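Here are some notes to read with the model open beside you. Take the points one at a time, and find each residue on screen before moving on.

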Amino acid sequence: MCWIFAYNGKKNSLPLLIDGLRTLEYRWYDSAWIMWVNKDWKVFYKKAVWRVSVLATEVENDEESKNDYTTWIAHTRWATHWTVTKNNTHPHHSENNRFYVVHNGIIENYKELKTELEKKYKFYSETDTEVIAKLIEDLFEKDLKTTMQKVSKRLVWAYSVAVVDIENPDTIVWIKLWSPLIIWEWDSEIFISSDVNALSSIAHSYVRLEDNEMVVIKNAKYQVFASWKALEKEVENMDIDYDTGELWDFSSFTEKEIFEIPTVLENTFKWRIDFESKMVNNETINELNELDIDKIEIIASWSSYYAGYMWCYYFKELANISAQVTISSEFLCDTFIPSKKTLYVFLSQSWETADVRESLKIVKAKWGLTFWVVNVVWSTIAKLTDMWMFSHAGIEVWVASTKNVIAQVAVMLIMAIWMWMKKDLQPSKARALIEEIWDLPNKLNKTLTNWPKIKELAKKYSKYKSMFMLWRNVLFPAAWECSLKCKELSYIHTECYSTWELKHWPLALVWPDFPCVVLNPTGRFYSKNVSNIKEVRARKWTVLWIITEWENDPDLYDDVIEVPKTDTLLTPFTMMVSMYLFAMNLAETLGRDVDKPRNLAKSVTVE
Ligand code: F6R
């Protein structure tokens with residue numbers, strides 16, 4: 001998976017490209033390169049099998065990069081299939097060194113194509129992108145535009161492929177199927193990016209390419225084609241507030257995003273709940289009023305899946321409506337039987353996750369009623385789904401999703417309360433919950449004040465190789481989400497079970513070196529959890545409690561993190577924030593790169 005940024009114009013756009021690469025480095029950080037073509041059709045490129053800073057120094061020290069060139073392309077890569085080596089780093093070229101190719105996506109039939117092409121050409125890398133370069137050479141006819149029409153028919157998705165023919169170095173031809181691509185034209189200059197964020201700080205407007213469209217960029221002008229016909233494209237306003245911002249006093253951007261959570265919640269609630277009348281008020285939710293829905297099926301991936309799981313509790317408990325959540329990759333493997341009275345909710349903070357988008361296509365193809373909760377206001381999803389709601393979390397830059405997960409849970413909590421009120425089940429209880437919600441951002445601020453204590457505890461727990469996370473009921477998905485964050489950021493192995501399950505088999509793992517983190521708020525399951533934990537303590541396991549009320553019984557725990565008391569249904573918010581801090585501090589203590597966990601990228605855009 002990669003990000004591509006290209007320029008066609010009359011200036012030296014090196015600083016812009018380097019800035020763009022830096023902006024997007026959070027997403028793809030295995031390797032990076034920059035290529036430029038001079039007036040004598042000579043191609044220059046620099047590759048770095050590491051971070052953008054290494055590439056920037058190399059390019060800036062190269063005298064050739066100081067001149068004005070018409071065509072520039074930059075690229076960062078996150079290797080999905082092949083090793084991170086200079087040979088595998090883009091751009092890839094044809095055997096005659098005439099065509100240079102950059103690619104974002106994965107060519108699923110690359111093996112068949114490679115076997116066919118190996119009879120004529122020698123391959124120097126393991127990548128599918130080199131296969132495209134050789135295919136272009138093989139199918140070349142007349143010009144690049146004609147050739148790329150033929151090439152696109154041989155490629156199985158997903159791709160966004162840019163090609164430079166060095167016999168016409170002022171031209172870039174770009175084809176796209178599924179992988180995103182946007183263009184900005186300004187003052188005789190063309191900028192193209194596979195991610196809108198990289199353009200958001202410089203562009204006022206943009207044009208979005210749809211699947212199977214081709215763009216030909218020449219002499220700082222562009223023309224979009226579909227099935228050979230030239231198209232007039234709609235120009236959209238760039239109203240994205242993209243803030244990678246300053247670190248201020250935070251030690252990582254992940255930490256900064258966790259500390260933004262109380263404000264994010266205020267924003268999510270602000271436009272949808274009237275705290276004076278204690279009513280939910282939202283146009284999109286009101287539209288649901290007209291529909292005859294008796295079931296909600298949520299389809300999402302990992303952290304979004306856990307957020308979806310929490311909704312199931314909300315829908316069932318508050319709105320008395322049946323709800324289930326399915327992991328999107330498995331949804332794709334299963335047989336889909338549509339139901340007219342089901343609302344299919346898709347949950348993805350990025351909207352780019354390949355399996356979630358493909359699941360949406362399957363449901364749409366069978367006329368299922370679709371609803372999307374998305375954080376990216378400019379996404380095409382609004383056009384694809386019947387209804388949508390924005391989570392208003394602000395762009396989440398760093399790999400681990402934190403403030404977005406919280407915003408997703410909040411959006412659906414509001415929706416469940418609205419359905420609850422519509423059915424007029426227990427209006428006074430609904431209003432009491434809204435009052436609790438009003439105070440939730442304050443309680444999260446209080447939770448964050450535990451930070452120094454959590455930091456100290458992380459020092460102690462970072463010495464363990466494995467941990468249990470234990471829970472019941474609505475804290476089930478919350479504990480899974482906390483467990484994911486511990487693994488993702490600190491690489492400490494965690495297992496996650498209901499305290500109830502311990503006797504079934506997890507007790508077999510009982511060992512003093514395998515501590516338990518127990519999420520145990522005051523409420524219905526408190527004393528049952530206490531009783532289960534006594535079994536653990538009897539076997540001398542180390543126990544860390546996350547609780548809402550202090551129980552002065554050191555026999556029950558070694559350590560405690562206390563969070564403010566709130567309604568049981570709202571405890572996932574306070575518990576998750578504490579655990580996000582815990583996971584992040586474990587990682588920091590172990591010297592991990594919290595913002596860029598190993599082998600991961602922000603968006604999983606290919607299968
Ligand atoms: C974990 C994390 C990922 C995402 C998953 C789905 O911290 O961020 O596991 O939750 O890749 O992403 P979205 O929500 O963009 O579909």
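1. **A helix and its buried residues.** Let us start with α15, and please keep in mind that this is a predicted model. Which residues of α15 are buried? They are Ala430, Leu433, Ile434, Ile437, Leu440, Pro441, Lys443, Leu444, Thr447 and Leu448. When you look at how such positions are spaced, it helps to know that an α-helix has 3.6 residues a turn, so residues three or four places apart point the same way.

2. **The length and bend of that helix.** Helix α15 covers residues 427–448, which is 22 residues. At 1.5 Å a residue it should span 32 Å, and its end C-alpha atoms are indeed 32 Å apart, so the two values agree. Where does α15 bend? The bend is at Leu440 and amounts to about 40 degrees, with a proline, Pro441, following within four residues. Leu440 and Pro441 also both appear among the buried residues of this helix.

3. **How far to trust the model.** The protein chain has a mean pLDDT of 87, and 93% of its residues reach 70 or more. Which element has the lowest mean pLDDT, and which the highest? Helix α13 (residues 381–384) is the lowest with 68, while helix α19 (residues 571–589) is the highest with 97. Where pLDDT is low, the predicted coordinates should not be read in detail.

4. **Domains.** The domain assignment divides the protein chain into domain 1 (2–237), domain 2 (249–438) and domain 3 (448–594). Between the C-alpha centres of domain 1 and domain 2 there are 35 Å.

5. **An edge-to-face ring pair.** Now for the aromatic rings, where the count comes to 28 aromatic pairs. One of these is Tyr309 with Phe476: the ring centres are 4.7 Å apart and the planes lie at 85 degrees, so this pair is edge-to-face. Tyr309 sits in helix α10 (residues 302–319) and Phe476 in helix α17 (residues 475–490), so to speak a link between distant parts of the chain, 167 residues apart. Are the two partners buried or exposed? Tyr309 is partly exposed, with a relative accessible area of 25%, whereas Phe476 is buried, at 14%.

6. **A tilted ring pair.** Compare that with Phe514 and Trp541, whose ring centres are 6.4 Å apart and whose planes are at 40 degrees, so the pair is tilted. Phe514 belongs to the loop between β24 (493–498) and β25 (516–520), and Trp541 to the loop between α18 (526–538) and β26 (543–547); the two are 27 residues apart. Both Phe514 and Trp541 are buried.

7. **A cluster of rings, and two lysines.** Ring pairs join Trp302, Tyr305, Tyr306, Tyr309, Tyr313, Trp471, Phe476 and Trp480 into a cluster. Tyr313, a member of this cluster, also has Lys316 over its face, 5.8 Å from the ring centre. Elsewhere, Lys145 places its charged end over the ring of Phe225, at 4.1 Å from the centre.

8. **Two positive phi angles.** Most residues other than glycine have a negative phi. Lys142, in the loop between α4 (128–139) and α5 (144–154), has a positive value near 65 degrees. At 70% relative accessibility, Lys142 is exposed. Asn219 also has a positive phi, of about 45 degrees, although it is not a glycine. You will find Asn219 in the loop between β12 (213–218) and β13 (221–226).

9. **Sequence distance and distance in space.** How far apart in space are Glu607 and Ile106? Their C-alpha atoms are separated by 8.2 Å, with their positions 501 residues apart along the chain. Glu607 is in the segment after α19 and is exposed, with a relative accessible area of 73%. Ile293 and Ile192 are 101 residues apart in sequence, and their C-alpha atoms are 42 Å apart. Ile293 lies in the loop between α9 (283–288) and β18 (295–300) and is buried, at 16%. Ala158 and Ile261 are 103 residues apart in sequence and 34 Å apart in space, C-alpha to C-alpha. Ala158, in the loop between α5 and β7 (159–165), is buried with a relative accessible area of 1%.

Technical notes: Residues numbered from 1 in each chain as written. Predicted model: local features only at pLDDT ≥ 70, side-chain atom pairs only at ≥ 80, totals over all residues. Heavy atoms only, no water. Expected span 1.5 Å × (residues − 1). Bend = angle between axes of the 7 residues up to and from the residue. Buried < 20%, exposed > 50% of the residue type's maximum accessible area, 1.4 Å probe, protein only. Phe/Tyr/Trp six-rings, centres within 6.5 Å; stacked < 30°, edge-to-face > 60°. Lys NZ or Arg CZ within 6 Å of the ring centre and 35° of its normal. pLDDT = per-residue confidence, 0-100. Domains from an automatic or database assignment.
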